[in-house]
Amino acid sequence: MLVDKITVNLKINGLATELRVPPQKTLLEALREEAGLTGTKHGCELGECGACTVLINGSPQLSCLVLAAACDGAEVLTIEGLANGPELHPLQSAFAELGAAQCGYCTPGVLLAAAALLVRNPSPTRDEIRQALSGNLCRCTGYLQIWNAVERAAEQLRTR
Amino acid sequence: MLRLPEFSYFQPTTIAEAVALKDAHGDRAMFVSGGTDLYPNMKRRQQEPRVVISLAKVDQLNAIEMRDGGIHLGAKLTLTSLASDQRLQAGWPAFAHAASSIATPLLRNMGTLGGNLCLDTRCNYYDQSYPWRKALGFCMKKDGDTCWVAPSSAKCWAVQSSDLAPVVAALGGRIELVGPKGARTLAAEAFYNDDGIRYLNKEPGELVTGLWLPEIAGARSSYIKVAQRGSFDFPVLGVAAWARFDQQQKIAELRLVLGAIAPAPRLVPDLDKLLIGRSLDDRQAIAAAAEVAWRLARPLDNTDQAFSWRKSVVKPYVERALLGLAAR
Amino acid sequence: MSEGHRIIGRNLRKIDAIDKVTGRTRYADDVVLPRMLYCKLLRSPVAHANIKRIDLSGALAQEGVVAAISGETMPTAYGILPVSEDEHALCIDKVRFIGDPVAAVAAETEHAAELALDAIELELEPLETIGSVEKAINTPEPRIHPGNRRGNIHKLVSLEFGDIEQAFAEADHVEEGLFHYGGNTHLAMEQHAAVADWSPDGRLTLWSSTQTPHYVHRVLAKVLDLPAAQVRVIATPNGGGFGGKTDPFNHELAVCKLAMLTGRPVKICLTREEVFYCHRGRHATLIQARTAVKRDGTITGMHFRTLLDGGAYGSYGVASTFYTGALQTVTYEVPHYRFDGGRLFTNKPPCGPKRGHGTPQPRFALEIQLDRIAAALRIDPADLRLQQIQPANSLTSNYLRIGSIGLAKCIKTVVEASGWRERYGKLERGRGLGLACSSYLSGAGLPIYWNEMPHSAATVKLDRGGGVTVFCGSTDVGQGSDSVLAFVVAEELGIDPYQIRVVTADTDLTPVDLGSYSSRVTVMTGHATRQAAAAARERVRSGVAEKLAVSGEQITFADGKVRVAEKGIELAFAEAVAIAEARHGTIVTSGSYKPPETAGKFKGAGVGPSPAYSYSAGIVEVEVDEQTGFVTPIKVWMAHDIGQAINRSAVIGQVEGSVYMGLGEALMEEMVYREKRNLVHKIPSMLEYKSLTSLEMCEVETFLIEDPDPNGPYGAKEVGQGPLLPMPPAIANAVYDAVGVRVDMVPVTPSRVMAALDAAARGKAPRHGPERMPQVSWPEPTRVTPPWAGGDGHAQRPGSGKQAS
């Protein structure tokens, strides 16, 4: 069965983008394969790991389970758009400085989930950080340096 | 990368349009809301609709309002919004808590009320890739004849693993449906069918549009989810308890429902004579009720954790759920 | 900061950290080449069968399919160890587990390749499946590997150091127990991926998420019958490894062959389920342990027997088997020691090396056994250990050469920090503390294939603009090895580490390093890189000395400057390089490293020796729900003897990550197969193979014990694996402290805790664990006189010792 492609207009990292995708193409696939944004990772494609987390209209969601076709009109933020031009987001700096990225494969997803948390809650407790990141598996760090980095970034954002 | 098979995609904007599309495409079509249940299943070829009808643009399904002596919740409300809604947290805390316990924060941002209520039954012989299932010659729920959990069984034993289902049944909720023949509501308990394949008593063309939960004075509820981890996991046992207390804090009315041990949430029967008129301080009565629940539970070897253990912990968790009804 | 060092020992951002937090790091699946095809593998749906027929024509007829191949295209057998080259890129005569690859398809899209798999006709003649160690022992036929000498027994080893019978005869107390350590897998976040590119001039390039590009390089040349010089392997940054990407894999060979056949680049990225089939993870191991002690707790002898469920292929299994017996002796003094180990072939995905390779299983048994001994003799478990720590600069009874050993300090540190003395054995019921210790290698003393060349080498190139590039074959798998190279070079040259370029893991460009396994990288590449950088520095020094007519000793390198303090001269590093380049020509220097010769000379002495051993002591506090069996870790105190940290925050990250993975193994991670259902993997998914989320992970207080080791660069030792080892036994010991029962199995699941509590309630032995050890005809042990008894490291001549028991 050949199904026609669908035209999707969305903003990716602030840039208005038109995608022509078949319905079955997930946002993950569209970002990596159509938009050339390979910073979004994938570890299972079934919603079981969190590696593909992006922000859709500010909400952290799994791009492996969202159709690109469903993103018409949406604003999508990927890891490539987290920094403000050449200036790193405080979360990125904190992750780099505190060793929160080891292999780095879960890092884009974790950073976006954390970024959404800090918008919603600028002063999260450690437990709130753990809750907010509980959908992002990391196999390297044991999460501790990630929690520390989110705390440091939150502090920096508050005092800016 | 695991990918979705090809399908046609529709994004209707009204309930009527959605139902008409479904009616037009029949069995080849499925509704999708958050997609967190359907799309993984499609990637593993467990569900193979050729037509996917998205509810994303049906704004009528987003309502949340007090009505008819209770609360109406639109089917497209996300689990995150249910978990964080203050009216639900205050009036139906077991429901809000159950919503907050589902999957992960990210999946709760996507998954919806309707999707969780209609969650496909789960089984670790079924929730596998196409090649995996093919290696065993498939199972009766999809493409095969045998139930690998109980090969002599004529029935599919896939487990109803929704966290909301047992709670909604315990709370006396009603499922709101719209089909080609019009709208109707069904008691939550009657909505679920104890068969892993035909697990919902819903006409094929019907769409779950919402849920109504009654507001009852003096009632309190609790839910305990048993799972290995605090996120990601489906329950391997869920215990939902609801009771109305009289002025002396004696139980006047009670419903206890077990989730994740059978193809449908199971209402524990015959508790009235044990618990009505008793207070939660009556530990003997509570233990007796737990014993009844324990006898009812017959989990099989198709989820995480040893199934014998899943049965053995019914008692302590039922006791905890009942004690969780205490006023706070 | 450590004394005398400018860079070494500091908390520094890793050199690749910015790429990782901005999504710029290019992993294997991010490599995209023009005209690229996509590969999928058809995997066996049957656990054990003869292949009768494979017909690819259906697949080839499908739209978008460009090529399809089966086993006969690559008939050469290979395997990571020369002693067990029992794998084929695609199965030829038989399939040995569900998931064993039999055919490969290359198509224009991944979806087309996947659809084509269903059109391949595969006719199999099923054979009896071997699903357990016991069945493998008792079912010599059908043999999973027809060429294997002993039915389905892959390997049996037996070693005896000293006189174990005498040791047990002299003991006042003997602890004997059976333990089972469940098999588990690495579950790196990144699924294995590879891209092959073939150029008509005969050159092949493979980008792959591998920890061992050098070994992949060798296998590609061999199996594809290409000159090694025509093959280039580039290991992309690994999205986690943990040992799971250290074998050459079927998919790597398949994409290369398909690229050669089609003339187009070919990519594969495995699904998560396929990663479970690649496996090479922790061997499920049954352990029989006997420990003999004096009344005061002094160990007189130890006898360990292990049976490893190897899965369908050899992989690193022979080494894994030896490792289950190698490191019992390096923590506490064990004068008499015997080890019998066996590995069995079963029809499951092959096991191999996972973090701690072969040593967590016996360590689990050993540390529980010490806890039991302490209880029986009424000695504090910490004191029991402290009183018999292996001395520094010594040889163990099995000829492992110990350098520095900070174990006592590790134990004292966590005992103090956790309040052990006040709290152990005294917490309310349901709360408990458990202590366990461990040790691990800083790299294996011998290479995987026999050769006398260096294990690691590095080249340093200085640019007249002051730029410095270090080239090394090592692979960054997230542990930070690229940063170690930069920090070492920066230390030696007195420059900013972030101005150093690091080129690694490319067999065309970088000198050989054997790979990122066995915690070898910091010590071995550290030595090689330090040597290369120091040589470059001396070249600059001599050039500058000549030009300025000063003596070399007057010249210092620091802060990006080259100074002659006495003369008040200060040159920018770039200026100094230019001066030296004018004198010497282009400055390119190299360094290499080979571990010291091993002390043991007996057969089997090759597994266990290392330039240096790290030590760890961990205490965990748990809460045990007696009604349900759930065990919740509350806090971990972990002290690790690192010798000397190169980068403190990276070291702490490795400790915390090891603790995390150890807790996962202890509590939930397990590979499970359905024996009655054709040996399907029960749970090949990230949802059902349980690993800790951020909600299960507890706080960890980490202490670094820095007692520099003479064999480590700057005194450094390993950290990537050792701190995992104490966690499973510490959890089991803590459960005992909390509720008084023993779970002699990993993972310590709620149902197992309940089984132990039920046994206790029924008046039985308060434990849950294996009940019997299958009978095995162990070979006559190789007998070796320990060093303390005057041995020279050689085996006794047969017949000169006493008879086997």
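Phe191(B) and Tyr192(B) are both buried in this predicted model. Together, Phe191(B) and Tyr192(B) are among the aromatic pairs of the structure, and a search covering all chains returns 19 such pairs. A pair of this kind is described by how far apart the ring centres are and by the angle of the ring planes. For Phe191(B) and Tyr192(B), the centres are 5.1 Å apart and the planes stand at 80° to each other, an edge-to-face arrangement.

Chain C brings aromatic residues together as well. Phe161(C), Tyr337(C), Tyr399(C) and Phe602(C) make up one aromatic cluster. Rings in chain C also meet charged side chains. Tyr714(C) has the charged end of Arg530(C) over its ring, with 3.8 Å to the ring centre. A further example involves Tyr736(C), whose face is covered by Arg742(C) at 3.8 Å from the ring centre.

Another tyrosine of chain C, Tyr440(C), belongs to strand 18, which spans residues 431–441. Tyr440(C) counts as buried because its relative accessibility is 1%, where the limit for that label is under 20%. Between the C-alpha atoms of Tyr440(C) and Gly552(C) there are 41 Å, and the two residues lie 112 residues apart along the chain.

Turning to chain A, helix packing can be followed through helix 2. Two packed helices are described by the angle between their axes together with the distance between those axes. Helix 2 (residues 90–97) of chain A and helix 3 (residues 107–120) of chain A have axes that come within 10 Å and cross at roughly 130°. Helix 2 of chain A is therefore oblique to helix 3 of chain A, and the crossing is right-handed. On the helix 2 side, Leu91(A), Gln92(A) and Phe95(A) make the contact, while helix 3 of chain A contributes Thr107(A), Val110(A), Leu111(A), Ala114(A), Ala115(A) and Leu118(A).

Helix 2 of chain A also packs against helix 5 (residues 144–158) of chain A, at an angle of about 140° and with the axes 8 Å apart. With that angle, helix 2 of chain A is oblique to helix 5 of chain A, because only angles over 145 degrees count as roughly antiparallel. This crossing, too, is right-handed. From helix 2 of chain A, the residues involved are Pro90(A), Leu91(A), Ala94(A), Phe95(A) and Glu97(A). They meet Ile146(A), Ala149(A), Val150(A), Arg152(A), Ala153(A), Gln156(A) and Leu157(A) of helix 5 of chain A. Leu91(A) and Phe95(A) thus take part in the contact with helix 3 of chain A and in the one with helix 5 of chain A.

How values were computed. Residues numbered from 1 in each chain as written. Chains lettered and ligands numbered in written order. Predicted model: local features only at pLDDT ≥ 70, side-chain atom pairs only at ≥ 80, totals over all residues. Heavy atoms only, no water. Phe/Tyr/Trp six-rings, centres within 6.5 Å; stacked < 30°, edge-to-face > 60°. Buried < 20%, exposed > 50% of the residue type's maximum accessible area, 1.4 Å probe, protein only. Lys NZ or Arg CZ within 6 Å of the ring centre and 35° of its normal. Axes fitted to C-alpha atoms, helices over the stretch in contact; angles between N-to-C directions. Helix = DSSP H or I, 4+ residues; strand = E, 2+ residues; numbered from the N terminus. Parallel < 35°, antiparallel > 145°, perpendicular 65-115°, else oblique. Left-handed = near helix turned anticlockwise from the far one by under 90°. Contact = heavy atoms within 4.5 Å.
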